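Please find below my note on the model you sent round. It is meant to be read with the structure open alongside.

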Amino acid sequence: MNWMMTALQGGLASLVSYLAAHVLLCLVPAFFIAGALSALVPQQSIIRFLGPDAPKWKSYSAAAGAGSLLAVCSCTIQPLFAGIYKKGAGLGPAVTFLFFAPAANILALAYTGVALGAEFATARILLALSFGIGIGMIMAIIFRETDVARVAGAQTFAEGGGIPGKTLLFIGALVALLISGTLKLDFLQAVLFAAELPWGGATAIQQTLDRWVPVDEAVGAEGLSLQGAILIALLAAIGVFAWRGLGEVDEGFNRCTPIALGLTILTLVFAALGCKVNDAGIALTVTGRSLAVTLFCLALVRLARRFDPWDVQQWLWETGRFVKQIFPLLVVGVFLVGVVRVFIQPEWIRMVAGENTVLANLAGVVFGVFMYFPTLVEVPIARMFLSLGMHPGPLIAYLMADPELSLQSILITAAIIGKLRAWTYVGLVALFSTVSGLAYGAWVDGTSSWLLAGVIGGFIALIVGTLNWIEAHRKTLIEVKA
């Protein structure tokens, strides 16, 4: 019975820590971006750059380039992935975007370089770029027939499919909101104003929260602050009003719509504030991030008024639809991760990952699945395991797999593209992550760089050649099969 209570507490701790610390400033803007992509961007524009018949150099470069700019985790990228996929992006470029954004965005690479060294950062970018594009191309080849049929109704390169300037500006402001809420830059962290709010009961409340959701850095449990508890309450309030305010907005604006949007802005602004409990009460700080988030929220309200009311309704409705599709799976997945994490001891991973073997690299991949950490958190965890004896090869395998293969992201990906495609993607990521670890580990152990470059280059050339041969002989193979 005790183990059940421990598992339940682990799941709840994982869930509340995640919701309080990571959802608001990254996932909430991501949902609104996905809704804007789906409702406001012409389908021909997406297909022109990312469609299954777009030139590969253009589509995969655009997918990797877009992914490199977004400092998001595997959960936050899901609504954006769903948005471009629904709008007509080819499966291959969309999968490259899904893989590359959390694995090798510019912030993750910079943090990896600072915490683990330039060699780890260089290996991460090169392996993520080559294997991310490779996974996307393999997925595109395997599922090409159904992928082409999915967008058959659209005019692939129709004229007049450009994105209106006001739409670009609006989506740019949404992306800027997401970036300003997540990047750790000096001017965003600079304190502009500070104040003390006397509240004698704040310390007692925080102590109670610490007992309910304790901090445990060894397993990545971040605890629950008073600010986090308030944010979760605000998030619940948004859900209550958004159910009708966004879910039924396609039939017209209703009384719940402005309340849901107002609560969303209030929540984002409050999440961007510094809020710490001390003996005197609460220390509030207004930083550059607080100011930037507030200004972008206000700018978005003004920019939204440039659109027809029908367009705004469709944007909000699509946003609500993505939330209903993805958020419940996210909640379930994060809870299950917390449950599983209770029973997995870090010592087990270290025991089997001390050398650069196939089993050790597979252990790194499995560890990334069941011990999921939000974006950037995996880097200090990787540093900890490196200091405790994990071989650099399995560590790279973990860094490749952790941003991609969390339980919740697997569930959400399956809901978006189907179980067969999702599990094919999971298998490919596991395979390529293992190969990445083996290659980097061999280099660390002294294998010649030229030999490794030749082996990896030959491996990639074999994949590309095989894919091109299959593509060139597709019709013949189909006729033979028939």
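The numbered points below go from the chain as a whole to its cores, its salt bridges and one further residue.

1. The model is predicted, and its confidence should be considered before anything else. The mean pLDDT of the chain is 81, and 87% of its residues reach 70 or more. Residues 154-160 stand apart in this respect, since pLDDT stays under 50 over that stretch, although the model still has twelve contacts for these residues beyond four places in sequence. Where pLDDT is low, the predicted coordinates should not be read in detail, and I would apply that caution to the contacts of residues 154-160.

2. As to the overall make-up, the chain has 23 helices and five strands, and of its 482 residues 53% are buried. If one takes the contacts between residues at least 6 apart in sequence, 84% of them join residues at least 24 apart. The accessible surface of the chain comes to about 21300 Å², and carbon and sulfur atoms account for 69% of that area.

3. In soluble globular proteins, nonpolar side chains tend to be buried together. Here the largest nonpolar core has 120 residues, and those with the most contacts inside it are Phe99, Ile135, Met139, Phe170, Ile396, Ile416 and Tyr425. Helix H1, which covers residues 2-40, gives the most to this core, with 16 residues. A second core, separate from the largest one, consists of ten residues, among them Ala202, Val213, Leu226 and Cys275.

4. Ile416 deserves a look of its own, being one of the residues with the most contacts inside the largest core. Leaving aside residues up to four places away in sequence, Ile416 touches Gln78, Phe81, Ala82 and Tyr85, and also Gln325 and Ile326.

5. Side chains of opposite charge can pair when their charged atoms come close. A search of the whole structure finds three salt bridges. In one of them the side chains of Glu318 and Lys86 meet, at 3.6 Å from N to O, and this pair links distant parts of the chain, with Glu318 in helix H15 (residues 309-343) and Lys86 in helix H4 (residues 74-86), 232 residues apart.

6. Glu318 also forms a salt bridge with Arg321, where the closest N and O atoms are 2.9 Å apart. Because Glu318 and Arg321 are three residues apart in helix H15, about one helical turn separates them. Salt bridges that share partners thus join Lys86, Glu318 and Arg321 into one network. Within it, Glu318 counts as buried because its relative accessibility is 8%, under the 20% cut-off, whereas Lys86 is partly exposed, at 41%, and Arg321 is partly exposed as well, at 24%.

7. Glu248 forms a salt bridge with Arg244, with the closest N and O atoms 3.3 Å apart. Glu248 is partly exposed, with a relative accessible area of 35%, and Arg244 likewise counts as partly exposed, at 37%.

8. Is Thr257 buried or exposed? Thr257, which is found in helix H13 (residues 256-271), is buried, because its relative accessible area is 1% and thus under the 20% cut-off. Residues up to four places away in sequence not being counted, Thr257 touches Gly245, Val249 and Leu316.

Terms used
Residues are numbered from 1 along each chain as its sequence is written. This is a predicted model: local features need pLDDT of at least 70, side-chain atom pairs count only at pLDDT 80 or more; totals for chains, interfaces and linings use all residues. Side-chain values use heavy atoms; hydrogens and water are left out. Helices (H or I, at least four residues) and strands (E, at least two) are DSSP runs, numbered from the N terminus. Buried means under 20% relative accessible area, exposed over 50%, partly exposed in between (1.4 Å probe, protein chains only). Contact means heavy atoms within 4.5 Å. A nonpolar core is a set of buried Ala, Val, Leu, Ile, Met, Phe, Trp, Tyr and Cys residues joined through side-chain atoms within 4.5 Å. pLDDT is the predictor's confidence in each residue, from 0 to 100. A salt bridge is a side-chain nitrogen of Lys or Arg within 4 Å of a carboxyl oxygen of Asp or Glu. Accessible areas come from the Shrake-Rupley method with a 1.4 Å probe; for residues, only the protein chains shown count as cover.
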